Each structure stands twice: as C-alpha cells, then as structure tokens.
Amino acid sequence: MEKIHVAIVEDLTEFRERYSRLINLSQEFVCLPEHQFSCCEDSVPTLIEDPRIKVVIQDIGMPKGHINGIASMQQIKNKRQGLLFMIATVYIEDTYLFEALCAGADSYMLKTDPDAVFVHHLKELALENGRPFSGPLMRKILDVFRSQESDNNKIKPTAFQKQLLEKILEGEINEISYTNEELAEELNRQVKEITREIRAIYKMLHVNNRKEMIKKYQSWKVRFFGFD
C-alpha cells in the first residue's frame, strides 16, 4: 500500500517533531523531512507544486512578520483545491475557527488533543472523506448555528459593507484593531461614511460592538459557504 504524503507547517519544533513522529509511525502516512516547514512562506511553493502531498497539518499562529496559517492556506487552496488542510492550533476563539473554515480548512484540532485523537482525525480526514473537529470546537460551531438560525436568512450586507467587514476581520486575524479613521484611509472613504456603515451593520446584525459583529458575520459566512 502506497503511503499518503503529509506536510507539516508549524513554527514550534516540539510540535513539528511530535506530528512527524506520529505520522511516520503509522502504516498509512509518511512525512518527509523536506515536507516539514517552520514558516508559511517556505511552504507555499512546495505545497502548490508537489503533487505527492495530499494532506497538510497547518498551524495558524506564526512568528511576527510572517504570513499566518489562514492566509497561507487560502492562497494554496486557490491553486490546489483538492489539498486537504487540518488546522492544528492553540486558538479556540470564534474569530480563528470561523475564518479558517471560510478559508478552506477541512479539519480543525487543538494542539492539546491527545496523540490518539490526532491520528484518528488524520485517518478520518484522509481515508474516510470526513471533516473531523475537536469536540469543544464542534460544540461551539453547533451552538453558534443554533442561536442564529433565524437571523442568518435576514443578513444581506451590501458590497461595501462586506468589504468593510472583511477589512475589520483581516485586522482581527492579524491582531490589528483598525480605528474608523484607519479604515477610511484603507478603503479610500470618508470617516463619516465608515461610521455610518458600521452603525448600519450593527443594526442589521443586532449587535452592540465589533467583537459581536465579527462573530456573527463569520457565522453567516460559514453558512453561506456551505458548512452547516
């Protein structure tokens, strides 16, 4: 039986070694040294061009100044839609979870998950066409969907509102809190227009602050892209 090639993109040596050990101890998978990366920039060309790689274990958080795992995954998915991504991260926050789903994540696990869970998820993803998620994360997704079932059909942002939401979301992912003045400069609009549109979005989403706005917008995006 030919083994399935798995790549790892993880900046922490401890976790790269852990994942590669578990993968190479299995009968079904292999992770070659040249398919282990400490930053996304180094991984992108290989993940796009090497057809042997079928699955990627992708971390989200990368050292300051480097592209994060979500942005990298989205870039690669645009070139290789069939490449499977398992997010392995410490982030359990809604912002990262929903943005990873919208960017194309096929699975999402926590670094705190036991070795047996990691291997089980990998097999389910690569061999059984499943979409495994860590238990707490799946419960979080279901809770958000259930609480917003009726509202999602009413959310119809304009093209500019989507652009504005995406810019705010991009900032959150990269740990940048844009002010209205900065958003106006980034989007080439007047500050008063940004303020007016954000208020309109609050009203549409029935929220009172940006944190709630981002969470609700992301849950709508996940439904829109077919993850319910």
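Me: How far is the sulfur of cysteine 40 from the closest cysteine sulfur, and in which residue is that closest sulfur?

Reply: A disulfide requires two cysteine sulfur atoms within 2.5 Å. In this predicted model, the closest cysteine sulfur to that of cysteine 40 belongs to cysteine 39, and the separation is 7.0 Å, so the pair is too far apart for a bond.

Me: How many disulfides does a search of the whole structure find?

Reply: The search of the whole structure returns zero disulfides.

Me: Is cysteine 40 buried or exposed?

Reply: A residue counts as buried when its relative accessible area is under 20%. Cysteine 40 has a value of 0% and is therefore buried. Cysteine 31 is at 4% relative accessibility, so this residue also counts as buried.

Me: Where is cysteine 31 found, and which residues does it touch beyond those up to four places away in sequence?

Reply: Cysteine 31 is located in the loop that runs between β2 (29–30) and β3 (36–37). With residues up to four places away in sequence set aside, cysteine 31 touches Val6, Ile8, Ile23, Asn24 and Gln36. A separation in sequence may also be set beside one in space: cysteine 31 and isoleucine 4 are 27 residues apart along the sequence, and their C-alpha atoms are 8.5 Å apart.

Me: How should the surroundings of tyrosine 19 be read, and in which helix is this residue found?

Reply: Tyrosine 19 is part of helix α1 (residues 13–25). Its relative accessible area is 1%, which means that tyrosine 19 is buried. Apart from neighbours within four places in sequence, tyrosine 19 has contacts with Ile8, Glu10, Ile57, Ala88, Lys111 and Phe118. One of these partners, Ile57, is 38 residues from tyrosine 19 in sequence, with 8.3 Å between the C-alpha atoms.

Me: What percentage of contacts between residues at least 6 apart in sequence join residues at least 24 apart?

Reply: In the protein chain, 68% of those contacts join residues at least 24 apart. The chain has 228 residues, of which 51% count as buried, and contains 11 helices and six strands. Its accessible surface is about 11,700 Å², with 48% belonging to carbon and sulfur atoms.

Me: How is the packing of helix α8 and helix α9 to be described?

Reply: The angle between the axes and the distance between the axes describe two packed helices. The axes of α8 (residues 159–173) and α9 (residues 180–187) come within 11 Å and cross at roughly 120 degrees. The crossing of α8 past α9 is right-handed. On the α8 side, Phe160, Gln163, Leu164, Lys167 and Ile168 make the contact, and on the α9 side Leu183, Glu186 and Leu187 do so. By class, the residues of this contact are five nonpolar, one polar and two charged.

Me: What is the phi of asparagine 188, and where is this residue found?

Reply: Most residues other than glycine have a negative phi. Asparagine 188 is not a glycine, yet has a positive phi of about 60 degrees. This asparagine is in the loop between α9 and α10 (191–205). Exposed residues have a relative accessible area over 50%; asparagine 188, at 71%, is therefore exposed.

Me: Is glutamine 218 buried or exposed?

Reply: Glutamine 218 has a relative accessible area of 0%, so this residue is buried. Its place is in helix α11 (residues 210–224). Glutamine 218 and glutamate 166 are 52 residues apart along the chain, and 9.6 Å separates their C-alpha atoms.

How values were computed: Residues are numbered from 1 along each chain as its sequence is written. This is a predicted model: local features need pLDDT of at least 70, side-chain atom pairs count only at pLDDT 80 or more; totals for chains, interfaces and linings use all residues. Side-chain values use heavy atoms; hydrogens and water are left out. Buried means under 20% relative accessible area, exposed over 50%, partly exposed in between (1.4 Å probe, protein chains only). Helices (H or I, at least four residues) and strands (E, at least two) are DSSP runs, numbered from the N terminus. Contact means heavy atoms within 4.5 Å. Accessible areas come from the Shrake-Rupley method with a 1.4 Å probe; for residues, only the protein chains shown count as cover. Axes are lines fitted to C-alpha atoms, for helices over the stretch in contact, and angles run from 0 to 180 degrees between N-to-C directions. A crossing is left-handed if the near helix is turned anticlockwise from the far one by less than a right angle, and right-handed if clockwise. Ala, Val, Leu, Ile, Met, Phe, Trp, Tyr, Cys and Pro count as nonpolar, Asp, Glu, Lys and Arg as charged, and the others, Gly among them, as polar.
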